[in-house]
Each structure stands twice: as structure tokens, then as C-alpha cells.
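Please look over the sequence and the model shown here before reading on. The briefing is meant for someone meeting this structure for the first time.

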Amino acid sequence: MFLKNSEINRFKKTLLLTEKNIKYNFLKYFILSLIIILITPVIFGTQNLDSRASAIPLEFFIALTGIILITPLFFPENDAGTDELITSKYFENSFVYTIRIIYAVLTLFLLILFFVFYLKLNNCTVNFYHIYGTFSSALFLGSLGLITSALIKNNAVPYMIPLIYFMLNFSGGSKLGKFYIFGMSSGIFEGKIFLLVSGFVLIISAVLIKKYSEK
Amino acid sequence: MTLFLKEFKKVIFSFTFLIFVITLFVMLNSQEVLNFTDQKIDIPQPGKTDYGTKYEEIPDIIMPEAIKSLYRDFTVNSYITYPIGFYKNIILSKDKIEQMADIISYLTDISKEDLLKRVYDENTSDELINFENGTSLEKTGTGYVLTAPPAERQAGKEEELTISVKKDITYEEFKKYMQKADKILGGGSDYSDSNLISFGKVPINYEEALKNYNLIKTEDRFTGAYARLFSDYACIVISLMSVFLGISVSLKDKNIKEIIFTKNISSFQLMLSRYLAVITAIMIPVIIFSYISNISVWGMYKEFKIDYLAPLAYSIGWIMPSAMISSAVGLFFTELTGTPIAIVIQVFWWFVDLNMGLSVIKGGYSPFTLSLRHNSLGNTEIFNNNFSVIVTNRLIFVEISLILFIMTVLVYSYKRKGKINVFKKFRNKQI
């Protein structure tokens, strides 16, 4: 035996926790994201696109799935209304948040990968940067929502902040410099690292804020 | 009235409202419509060489320009379209190239076979690279062959410049074939019915410039033109942001629903107070910002009779219907589902509407545009000519808002009676 019984027990409980969270708290957002992915070809052209044109559906629409998947990760605690319950659980809440973040970020990446692959099949000029660039923009938008959600116990405001940021980018956001989320659509295929790193920093900060605010 | 005040306080003392006001300010400021002091409308002076340009449907100008453009796109097999406002580069497949060749061949004297020889089809020429100056690099079995462009092309005498439409083609027929071309491209091209006019660019002369100025002076009384430009931007922000106030005020009730449900207030009274409170809360900052923006030009037109009520009229007539529909969407879907799903609905609607409106950004209206566009200081003639469409549009949105409001009352009242609890199972669960 490589693992002790207590470790196996903990592992089983982690799996159960992940399954229940996905079923009750994540599935609806996943379905919504999937709908976004499926209607994108209806709104945008997705055939024979050059590199820049391929970035348009990715950055302007697919990136919104970041808000859908990441922003509501703390909502179950907001909805329950009884913070007392949290402390009585088997797992620390920050562990639960980490699990949720892992599957949400992974799903986001896979959905983007799936759509870029779809573009490739439709004779569009896409490469790894399209996946990386879209993921960075989506993660940054989602992380803006998540940190707002950590600071404010409200289910509408956390969506407001990333959408306002999206709107700001829309109306001449090139002034936002390194934090411009539509870079690829403007023909700039570099600099997304700032969005990616900032996204992860904001997510980690959100978990820490949530953790210490619950103590 | 007490109920209204309670709801109003609930809205304006919320975090959502604070963010709403800050966003409105930031967005309007970023678009430079809060201060127009550097945008004085001066009377045009005679003898100038340039008074700007305009687009007119003159067949003799549109037909040769459009066919040249289509031929140019055809030869490089690259077409730029904007189906919902976004840039899209179309490269046609082999069968569609043939269909396009049929169209050009019919409209010009060039045979289909000849046309097909001139097209660069990247679908069949994977190993051929064409450069913009006409030089091409082709991969062969033994290496690469660099071909220089023909002498006349190098000298800039491109054949495409001499292409012309056959004399017996009428404008109506030409438009019909351009529609077919647009259809092959998937819509949103310069050859579509609404965009074909972009080939009819003509200079504005002094008399026309003076006429435009006089319209701004007499019809808009100057301030109207500024209020309209302000409304163009404000309407975009309001169409999206208002939904959050509707959602937020509804979600606030979530934890105290049991108490509210047992109170002796009719559902209609409560919802009406709430809806009016949300709209009032939205419109107060809109009207304040509209006046801040408009006052900045009052001093510039002291010698003229200006319209001091223009900001108020545009705020209520132009912006308020968008605020009404957006907040009604927020209230209705939140009451129905108990979730902020209205955000997704409104964002989607706003996004598609905004991008479809980009093609008529300077002033073009349809009865179903959520954010009316008039991104131009002046253009009063277009506004006047379309006034009935604008009124119809705004009334449609007011009516839909009221229908949604009534539906919200019905949902709320059924919930109080315990008859519906939609999406209960979809709510977040703490695990």
C-alpha cells in the first residue's frame, strides 16, 4: 500500500466534492458556455479566415466564456447565506475554491482549444497563439469577476466589472496598453503574457481575500 | 409614494448604482461627449476647396466604382465583409469563384473563362505566393520560380482600372447582381443593398454645407445636435448597464421573500414602484450628465436662440426607452428564475445590436435597433428624414418594456401564491 487509509479516504472525499460541485454549481455555467461556443459560428464568420479575422470571434465572443465560468465560483457561499456552515465542513473552504478554480480554468482552456480546432477544420489560419491569446483574455476577464465576487457578496456586481472592462476595450481600449484584451484582432500577436499573469494573480488574490475574510 | 421612495432608496444606496454612475461617467468621458467646448459648429465660408464629402445614390458613379472594386477583390480572391460589424476576410471556394465569375462576366465584357484565368485561387494554388506588386513566387518540382509582373502593371496601368459595366445594364439590374455577389460572400459586403451607396462618394459644395449649417441652426438650434451626439454614446452604455439595476434590486429580495410575500401590498403596486424607482434612478444621472455636456456649448452660441430643453428631450425620448427595456429584461428574468441570467440575455442582445449598428453609425435607423446610432455632430437632414422611424423604434421598445413589466407582475404574483418556483433546482448549492 502506497497510500494510508486516511489519504485514500481524503482522496475519495475530494472526488466526491468535485463531482457534487460540478453537478450543482458548475454544470449550468458549462452549458451556457457551450451555447456561446455553438452560436458563435452563427454570428461570426468562421470559414476561410486569415489570422487576424480568426482572432475576432475568439477575442470578442469566446473570451466571454471566461466571465461565465470563473466569475461565479464563489456564488454558492453567497447564496447559502449561512457562513456558519462553512466552518463545520470536512474540507477547508479555500481547498474547495481551489478545486472549483482548477476545473473551471481547465474547462475554459478546453473550450477554447475546441473552438480553435473547429476554426482550423474550417480552413482558418490559426496557431497556438490564438489559443494562448484567447485563454489569456478570457482568464483575465473571469478573474476580474472573481475578485469582485470575493470583495462583494452580490451576484450581479461581479459580472458588471468584467463586462464594463469589456465595454471599455470595445470603445477604444487600445489606450489600455498591455491590458488590451482585443490585441490579436488588431493584428498584435504579442504581449498577452500580462493578461495571463494578471489573471492568475487576481485569482490567487481572490482566494486569499475570501479565505481571510471568512475567518 | 412611500413604497416608491423605499424602492428608490434601495436602488440608489446600492453598490450596483454606484458602479453604474461611475461607469456612465467614465464611458462618456472616454468618448469626449461630456465637454464639447472644442467642437464649435461654424458657418461655412465661401471659396473653400473642401467642405467634406457625402454619399449619394448616383448610378453613374456607383456602377463603375463598384465593379472595379469587385473585380479587384475577385482577382486576388480576398473580400472584406462586416456581417455583424466585425471585419471578416472571405476567401471563396472554387465553385463560389465560378459563381462570382458569372456575375462579373454578365456585368462586363470579359468572358467567364478569361476571368477564371486571372483569379488567384489559394485553394488550388497552394504553392504559389502572389505579392502585392504583381510578382509571384511559385514552387516547382526543381525549386522556386520568381515571376515579375507585366510591364504595364509595373507602371501602374492595371487592367482593372479600365474595367467597365456594359452599357445596356440598368442600375436596377446592376443592383440585383451586386446582391447576388453579396449573398455569395455571406452578407455584409460593400456590394450589399445598404452598402452599395458607399461607392457614391461625392464632395459637398458650399451651398450644401450652408444648408446643413442652417438646419443645425434652425431645427436643432445648435444644442440639439450636441444632445443627439451625447445620446448616441449614452444610449449604448444605458442599453447594457440598466439590466444590472433591474437584477440587483430583484436579487436583494431573495433572502427576505417570505416576509415580502406575506405583506399586504399588491404585486402590481410593489413591482410598479420598483420599476419606476429603477428607471428614475437611471434617468437622474443621465439627465445630469446630459446637461453638463450641453451647458459646455451654451456660451458658444450666445447670439443665437438655442434650445435649453434639448438635453431633457433627448434623454427622455432617445435614451429612456432603452433604459426601460434593459431594466425590464433584468426584472423579468430575475423574478422568473431567481438567477442573474438576464445578464447573458442582455449582453448578447446588446452585443449583436451594437455591431450590426456599426454600418449605420453616422445616422441610420431601423425600427428594432436597441441603441439608436447617430455618431455625428449635425447630419440633421438624416435625422429629420428618419424621424418617424426613430419615433416608431422608441415606441416599440416602450411597448415591449411594458409587456415585460406586466409579465413580471404576473410571475411575482404567482410566486407569492406559491404556484411557481422556476429553476429552483438550478440554484447554487453549497457543498
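What follows is a short tour by topic, from the chains as wholes to single residues.

The model is a predicted one. Chain A holds nine helices and zero strands, whereas chain B has 15 helices and seven strands. A helix of chain A and a helix of chain B come within 11 Å of each other, axis to axis, and the largest nonpolar core counts 156 residues.

**The two chains**

- Chain A is built from helices, and its elements, read from the N terminus on, follow the order α-α-α-α-α-α-α-α-α.
- Of the 215 residues in chain A, 56% count as buried, and among its contacts between residues at least 6 apart in sequence, 79% join residues at least 24 apart.
- In chain B, 49% of the 431 residues count as buried, and 75% of the contacts between residues at least 6 apart in sequence link residues at least 24 apart.

**A helix pair between the chains**

- Helix α8 of chain A, residues 157-170, and helix α2 of chain B, residues 15-30, have axes that come within 11 Å and cross at roughly 5°.
- Because angles under 35 degrees count as roughly parallel, α8(A) and α2(B) are roughly parallel to each other.
- On the side of α8(A), the contact is made by V157(A), M160(A), I161(A), I164(A), M167(A) and L168(A), while α2(B) contributes F15(B), T16(B), I19(B), F20(B), T23(B), V26(B) and M27(B).
- Sorted by character, the residues of this contact comprise 11 nonpolar and two polar ones, with no charged residue among them.
- T23(B), which lies in helix α2 of chain B, counts as buried because its relative accessibility is 4%.
- Leaving out residues up to four places away in sequence, T23(B) touches I164(A) and M167(A) of chain A as well as M241(B) of its own chain.

**Nonpolar cores**

- Within the largest nonpolar core, with its 156 residues, the members that touch the most other members are F44(A), L28(B) and I282(B).
- The largest share of this core, 19 residues, comes from helix α9 of chain B, which spans residues 223-251.
- The core also draws at least three residues from each of two domains of chain B, namely domain 1 (2-45 + 221-426) and domain 2 (54-203).
- When residues up to four places away in sequence are not counted, I282(B) touches F20(B), I238(B), S242(B), L245(B), A323(B) and S327(B).
- A second core, separate from the one above, has 32 residues, including I97(B), I110(B), I163(B) and M178(B).

**Two buried residues and their surroundings**

- K210(A) sits in helix α9 of chain A, residues 193-213, and counts as buried because its relative accessibility is 5%.
- Apart from residues up to four places away in sequence, K210(A) touches F74(A), N78(A), Y97(A) and A150(A).
- K210(A) and N93(A) are 117 residues apart along the chain, and their C-alpha atoms are separated by 8.9 Å.
- G200(B) is found in the loop of chain B between α7 (171-184) and β7 (201-203), and since its relative accessible area is 0%, G200(B) is buried.
- Beyond its neighbours within four places in sequence, G200(B) is in contact with K54(B), Y55(B), E56(B), I61(B) and I62(B).
- Although G200(B) and A66(B) are 134 residues apart in sequence, the distance from C-alpha to C-alpha is 9.0 Å.

**Positive phi angles in chain B**

- As background for this topic, most residues other than glycine have a negative phi.
- N77(B) is not a glycine, yet has a positive phi of about 45°.
- The place of N77(B) is in the loop between α3 (59-76) and β2 (79-81) of chain B, and because its relative accessibility is 2%, N77(B) counts as buried.
- N379(B), another residue other than glycine, has a positive phi near 50°, and is found in the loop of chain B between α13 (342-356) and α14 (380-385).
- With a relative accessible area of 30%, N379(B) is partly exposed, whereas N77(B) is buried.

Terms used. Residues numbered from 1 in each chain as written. Chains lettered and ligands numbered in written order. Predicted model: local features only at pLDDT ≥ 70, side-chain atom pairs only at ≥ 80, totals over all residues. Heavy atoms only, no water. Axes fitted to C-alpha atoms, helices over the stretch in contact; angles between N-to-C directions. Helix = DSSP H or I, 4+ residues; strand = E, 2+ residues; numbered from the N terminus. Parallel < 35°, antiparallel > 145°, perpendicular 65-115°, else oblique. Contact = heavy atoms within 4.5 Å. Nonpolar A, V, L, I, M, F, W, Y, C, P; charged D, E, K, R; others polar. Core = buried A, V, L, I, M, F, W, Y, C linked by side-chain atoms within 4.5 Å. Buried < 20%, exposed > 50% of the residue type's maximum accessible area, 1.4 Å probe, protein only. Domains from an automatic or database assignment.
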